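Got your viewer open? Grab the mouse and let's take a walk along the chain, one selection at a time.

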Amino acid sequence: MHPEYPRDPLPPLPRIPLLRWLRLYVDAWLDVLFPPRCAGCGAIGTLLCDTCRARFRPITAPYCWRCGQPLPEGTLCGPCARGRFVHLDMARAAAVYVPPLRSIVHTFKYRGNTRLAEPLAQYMARRVRREALDVDFIVPVPLHRDRQRQRGYNQAELLARGLGAAFDIPVETSVLARVRATPPQVTLGLRERMENVKGAFRCVEPARVAGKRVLLVDDVMTTGSTLEACAAALKEAGTAQVWGYTLARPPLS
Ligand SMILES: [Zn+2]
Ligand SMILES: [Zn+2]
């Protein structure tokens, strides 16, 4: 070969920028063909309209200092006073799980509308002070592998990523695993829920969490049994502090 000829006369194609450009192009057309609709009321042009957002019922003090349950005065709620949490140090939720938020969460979780993660995570970010989040990283409550494969995404992870981006806090998705698929908890009471998820989670990278302060993120907290089971796995691995923060919680639990 002549020495002046380069070995690779053609530079490699800029594959990633081209794909990104194509993606933007396709997304722009999809928005024209299928304009976004508000998940609460169906209004065209937005994923979550201002009217529906204004109908969210934010959870404000006074509340149970441990679990965030609204109370007439800020002390401990009944279940917390009876010691429902051993490992979970504190939990808060952004809003009450009532319409229209309830149907919006449903659309986000079960109907594949993953784009709702952005406005919902922004709402979560606005409801908490950054200074109050004294944590090293965020861990989304994991789904069981089979369920995640079936759904295609973990809604808690999408919220965690949005919150992490808003506050510049790293998100760790590989430290905690759901090792046991659990039946739906909808019809279960507090004690049964605790039993149902006990041992369902395992910390798979103890060295990463030892001595750290972790914020667990999930979409909905009902009795807190899932967060407590996650906290148990993390504390067993040496985590120093575990807080939970969810988008919503039902009015009474
Ligand atoms: Zn709306
Ligand atoms: Zn409480």
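**Stop 1: two cis prolines**

Start by selecting Pro 100, which sits in the loop between strand E1 (90-96) and helix H4 (101-110). Keep in mind as you look around that this is a predicted model. Now add Pro 99 to your selection: the peptide bond joining Pro 99 and Pro 100 is cis, with omega at about 0°.

Next, jump to Pro 62, in the loop between H2 and helix H3 (78-81). What is the peptide bond from Ala 61 to Pro 62 like? That one is cis too, and its omega is near 5°.

**Stop 2: the zinc ion called ligand 1**

Select the zinc ion (ligand 1) and show the side chains around it. Which residues coordinate this zinc ion? You should find Cys 38, Cys 41, Cys 49 and Cys 52, each using its SG atom, at 2.3 Å. Try the angle tool here: the four donor atoms make angles of 107 to 114°, and the site is tetrahedral. Read along the chain and the donors of ligand 1 follow the spacing C-x2-C-x7-C-x2-C. Now keep just Cys 41 and Cys 52 highlighted. This pair links distant parts of the chain, 11 residues apart: Cys 41 is in the loop between helix H1 (15-33) and helix H2 (50-54), while Cys 52 is in helix H2.

**Stop 3: the zinc ion called ligand 2**

Hop over to the zinc ion (ligand 2). Its protein donors are the SG atoms of Cys 64, Cys 67, Cys 77 and Cys 80, lying 2.3 Å from the ion. Why is the arrangement around ligand 2 tetrahedral? Because its four donor atoms subtend angles of 102 to 118°. The sequence spacing of the donor residues for ligand 2 is C-x2-C-x9-C-x2-C.

**Stop 4: H5 against H7**

Time for some helices. Two packed helices are described by the angle between their axes and the distance between the axes. Select helix H5 (residues 117-126) and helix H7 (residues 155-167): their axes come within 8 Å and cross at roughly 55°. That angle is why H5 counts as oblique to H7. The crossing of H5 and H7 is right-handed. To see who touches whom, show Ala 117, Leu 120, Ala 121, Met 124 and Ala 125 on H5, then Leu 158, Leu 159, Gly 162, Leu 163, Ala 166 and Phe 167 on H7. Color the contact of H5 with H7 by class and you get 10 nonpolar residues, one polar and no charged ones.

Before leaving, click on Asp 168, in the loop between H7 and strand E3 (176-178). Asp 168 is not a glycine, yet its phi is positive, about 60°.

**Stop 5: H8 against H10**

For the last stop, select helix H8 (residues 190-197) and helix H10 (residues 225-236). Their axes come within 9 Å and cross at roughly 40°, and the crossing is right-handed. On the H8 side, Arg 193, Met 194 and Val 197 make the contact, meeting Ser 225, Thr 226, Glu 228 and Ala 229 of H10. Color the contact of H8 with H10 by class: it has three nonpolar, two polar and two charged residues.

Methods: Residues are numbered from 1 along each chain as its sequence is written. Chains are lettered from A and ligands numbered from 1 in the order in which they are written. This is a predicted model: local features need pLDDT of at least 70, side-chain atom pairs count only at pLDDT 80 or more; totals for chains, interfaces and linings use all residues. Side-chain values use heavy atoms; hydrogens and water are left out. Axes are lines fitted to C-alpha atoms, for helices over the stretch in contact, and angles run from 0 to 180 degrees between N-to-C directions. Helices (H or I, at least four residues) and strands (E, at least two) are DSSP runs, numbered from the N terminus. Angles under 35 degrees count as roughly parallel, over 145 as roughly antiparallel, 65 to 115 as roughly perpendicular and the rest as oblique. A crossing is left-handed if the near helix is turned anticlockwise from the far one by less than a right angle, and right-handed if clockwise. Contact means heavy atoms within 4.5 Å. Ala, Val, Leu, Ile, Met, Phe, Trp, Tyr, Cys and Pro count as nonpolar, Asp, Glu, Lys and Arg as charged, and the others, Gly among them, as polar. Donors are N, O and S atoms within 2.8 Å of the metal (3.2 Å for Na, K and Ca); water is not among the atoms, so sites may look incomplete. Four donors count as tetrahedral if all angles lie between 85 and 135 degrees; four count as square planar and six as octahedral if opposite donors are over 155 degrees apart and all others between 65 and 115; anything else is irregular.
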